[in-house]
Amino acid sequence: MSIKLNSKGFAPIEMLLIVIIVVMLGGVGYYVFHAQSKSTDNLNQASSESQSAVVDKNKKTQEAENTLITAAVKAYGPADTVNVKNIIGNNAEGSVGSTSGGGTTFIAHKDSSGKWSVVFEGQQMPGKAVGTKYGLPKSWYSTSY
């Protein structure tokens, strides 16, 4: 009787080669994944810093506009407190207060040279003529007069 060798399955050297190949593929995959996530983190950080810079610039621009509007309102008439509520395009609306207890609303407009001036101050809303002349949002003026 002869003994037949089992030719099915893997020899130990073949198994070792397969394990080495699988480990190498895993290592390369890990390296690529790690490099990609690091790159994404750097992009996200740069994007976040960029957005933060834009927000800071917008905030400074808003504060500068508020200062210019406040100066225009105070130059227009006596005002102890000026509260700018909205700025839409070249128009701003807000309220003016006095230590004597009175208060009114105002609308200011910025001309082509960048100068703010008060175009309306009063207790009621301005009329249609003022609204259309300065291109105010419709909620800022009365369309009935």
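## Starting with one residue

Which strand is Glu93 found in? The answer is β2, which covers residues 91–97. Keep in mind as you look around that this is a predicted model.

Strand β2 is a mostly covered place to sit: six of its seven residues are buried. Glu93 itself is buried too, yet has no salt bridge. The nearest side chain of opposite charge belongs to Lys85, and that is 5.3 Å away. A salt bridge needs the nitrogen and the carboxyl oxygen within 4 Å.

## Who Glu93 touches instead

So what does the side chain of Glu93 make a polar contact with? One partner is the side chain of Asn86, at 2.7 Å. Another is the side chain of Trp140, with a polar contact of 3.1 Å.

If you leave aside its neighbours within four places in sequence, Glu93 is in contact with Asn83, Val84, Lys85, Asn86, Phe106, Ile107 and Trp140. Asn86 turns up in yet another role here, as the bridge partner of Glu93 in the pairing of strands.

## Zooming out to the sheet

Now let's see the sheet around that strand. Four strands form an open sheet, in the order β1-β2-β3-β4, and the pairing is antiparallel. The edge strands are β1 (81–88) and β4 (116–122), each of which pairs on one side only. From one strand to the next, the twist averages 25 degrees.

What holds strands like these side by side? Strands of a sheet pair through backbone hydrogen bonds, either parallel or antiparallel.

## Strand by strand

Start at the β1 edge. Seven bridges join β1 to β2, and the hairpin they make has two residues between the strands. Look for Gly89 in this hairpin: it takes a positive phi near 60 degrees.

Next comes the pairing of β2 with β3, which is antiparallel and runs over seven bridges. Here Ser95 has Thr105 as its bridge partner in β3, while Gly97 is matched with Gly103. Five residues lie between β2 and β3 in their hairpin, and Gly101 in the turn has a positive phi of about 105 degrees.

Finally, strand β3 (residues 103–110) is joined to β4 by six bridges, again in the antiparallel sense. Thr105 stands opposite Gly122 in β4, and Ala108 stands opposite Val118. This hairpin has five residues between its strands, with Gly114 in the turn showing a positive phi of about 90 degrees.

## The salt bridge

We saw that Glu93 has no salt bridge. How many salt bridges does a search of the whole structure find? Just one. In general, side chains of opposite charge can pair when their charged atoms come close.

In this case the side chains that meet are those of Glu65 and Lys110, at 3.7 Å from N to O. The pair links distant parts of the chain: Glu65 is in helix α1 (residues 12–76) and Lys110 is in strand β3, with their positions 45 residues apart in the numbering.

Is Glu65 buried or exposed? Glu65 has 18% relative accessibility, and the cut-off for buried is under 20%, so Glu65 counts as buried. Glu93 is buried as well, but Glu65 has its salt bridge with Lys110, whereas Glu93 has polar contacts with Asn86 and Trp140.

Methods: Residues numbered from 1 in each chain as written. Predicted model: local features only at pLDDT ≥ 70, side-chain atom pairs only at ≥ 80, totals over all residues. Heavy atoms only, no water. Pairing = 2+ DSSP bridges. Axes fitted to C-alpha atoms, helices over the stretch in contact; angles between N-to-C directions. Buried < 20%, exposed > 50% of the residue type's maximum accessible area, 1.4 Å probe, protein only. Lys, Arg positive; Asp, Glu negative; His and termini not counted. Polar contact = N/O pair within 3.5 Å; in protein donor to acceptor, adjacent residues only side chain to side chain. Contact = heavy atoms within 4.5 Å.
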